[in-house]
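Q: Could you take me slowly through one part of this structure, the nonpolar core and the links around it? I am in my first year, so please name the residues as you go.

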Amino acid sequence: MKNVFLSLANAPEGFLWLHPGNLMPPQPPSVAPFFRSSLAVPNCHFFTEKPKPQAPAVELLQSVDQEQKNVSLTCVASDYWPEKVVINWKGSLQSIRATFTEQKMTNGRYTARSQVKITLSEWQGADSNACEVVHKGTNTKSLKSVSQKGEVG
């Protein structure tokens, strides 16, 4: 019987290694098993590869509502592991109350978003609006900014 590889939804970049018998399977050089167990399948061992930390991709999005005369700024950190990022708003946005959500995606990585709303005049008068994403799992910081002056078209 050959080794069977199955993907794990909860272990990004990981895999499940099904090996028949009581012998230790040959280990590919990139595999660092951190979990070993005999589960419900007789004479089989399961291995998963410990996911490598991944820094988030960061985007700063803005949406203008002409009717309400406000602007929503959304800072999105995506595709990172392990969980937990901190999203800080910079400049005049520091004092504005922001919403924050973090979700685990089906690939086992995480996505977070923080949103602030400001008036159209505050947005037009600001030199720049920025968010900073800090991810301790990879010791990274990312600063994204957008600027807007003048009339909105």
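A: What follows goes from the core to the disulfide, then to a sheet and finally to the salt bridges. Please keep in mind throughout that this is a predicted model.

The largest nonpolar core has 20 residues, and the members that touch the most other members are L60, L73, C75, V85, I87, W89 and V133. Two or more residues of this core come from each of the strands β5 (57–65), β6 (70–80), β7 (86–90), β9 (110–119) and β10 (129–135), and from the helix α1 (120–125). The element that gives the most is β6, with five residues.

W89 is a good place to pause, since it is among the core residues that touch the most other members. If we leave aside the neighbours within four places in sequence, W89 is in contact with L60, L73, T74, C75, Q94, A98, S114, Q115, V116, A130 and C131. When you look for these residues in the structure, notice that this list includes L60, L73 and C75, which also appear among the core members with the most contacts to other members.

Two of the residues that W89 contacts, C75 and C131, also form a disulfide with each other, in which the sulfur atoms are 2.1 Å apart. The count of disulfides comes to one. Because C75 lies in strand β6 and C131 in strand β10, the disulfide ties together parts that are 56 residues apart in sequence. The torsion about the S-S bond is about 65°, and therefore this disulfide is right-handed. Are its two cysteines buried or exposed? A residue counts as buried when its relative accessible area is under 20%. C75 has a relative accessibility of 0%, so it counts as buried, and C131, also at 0%, therefore counts as buried too.

Strand β10, which holds C131, leads us to a sheet. This open sheet has three strands in the order β7-β10-β11, and their pairing is antiparallel. The edge strands, each of which pairs on one side only, are β7 and β11 (140–146). From one strand to the next, the twist averages 20°. Strands β10 and β11 run antiparallel and are joined by seven bridges. Here we meet V133 again, one of the core residues that touch the most other members, and it stands opposite S142 in β11.

Turning to charged side chains, a search of the whole structure finds two salt bridges. In one, the side chains of K90 and E132 meet at 3.4 Å from N to O. Since K90 lies in strand β7 and E132 in strand β10, this pair ties together parts that are 42 residues apart in sequence. E132 is buried, because its relative accessible area is 13%, whereas K90, with a relative accessible area of 30%, is partly exposed.

The other salt bridge is formed by R109 and D79, whose closest N and O atoms are 3.6 Å apart. This pair links distant parts of the chain, 30 residues apart, with R109 in the loop between β8 (99–104) and β9, and D79 in strand β6. R109 counts as buried, because its relative accessibility is 8%, while D79 is partly exposed, with a relative accessible area of 36%.

Conventions:
Residues are numbered from 1 along each chain as its sequence is written. This is a predicted model: local features need pLDDT of at least 70, side-chain atom pairs count only at pLDDT 80 or more; totals for chains, interfaces and linings use all residues. Side-chain values use heavy atoms; hydrogens and water are left out. A nonpolar core is a set of buried Ala, Val, Leu, Ile, Met, Phe, Trp, Tyr and Cys residues joined through side-chain atoms within 4.5 Å. Buried means under 20% relative accessible area, exposed over 50%, partly exposed in between (1.4 Å probe, protein chains only). Helices (H or I, at least four residues) and strands (E, at least two) are DSSP runs, numbered from the N terminus. Contact means heavy atoms within 4.5 Å. Two strands pair if DSSP finds at least two bridges between them. Axes are lines fitted to C-alpha atoms, for helices over the stretch in contact, and angles run from 0 to 180 degrees between N-to-C directions. A disulfide is a pair of cysteine sulfur atoms within 2.5 Å. A salt bridge is a side-chain nitrogen of Lys or Arg within 4 Å of a carboxyl oxygen of Asp or Glu.
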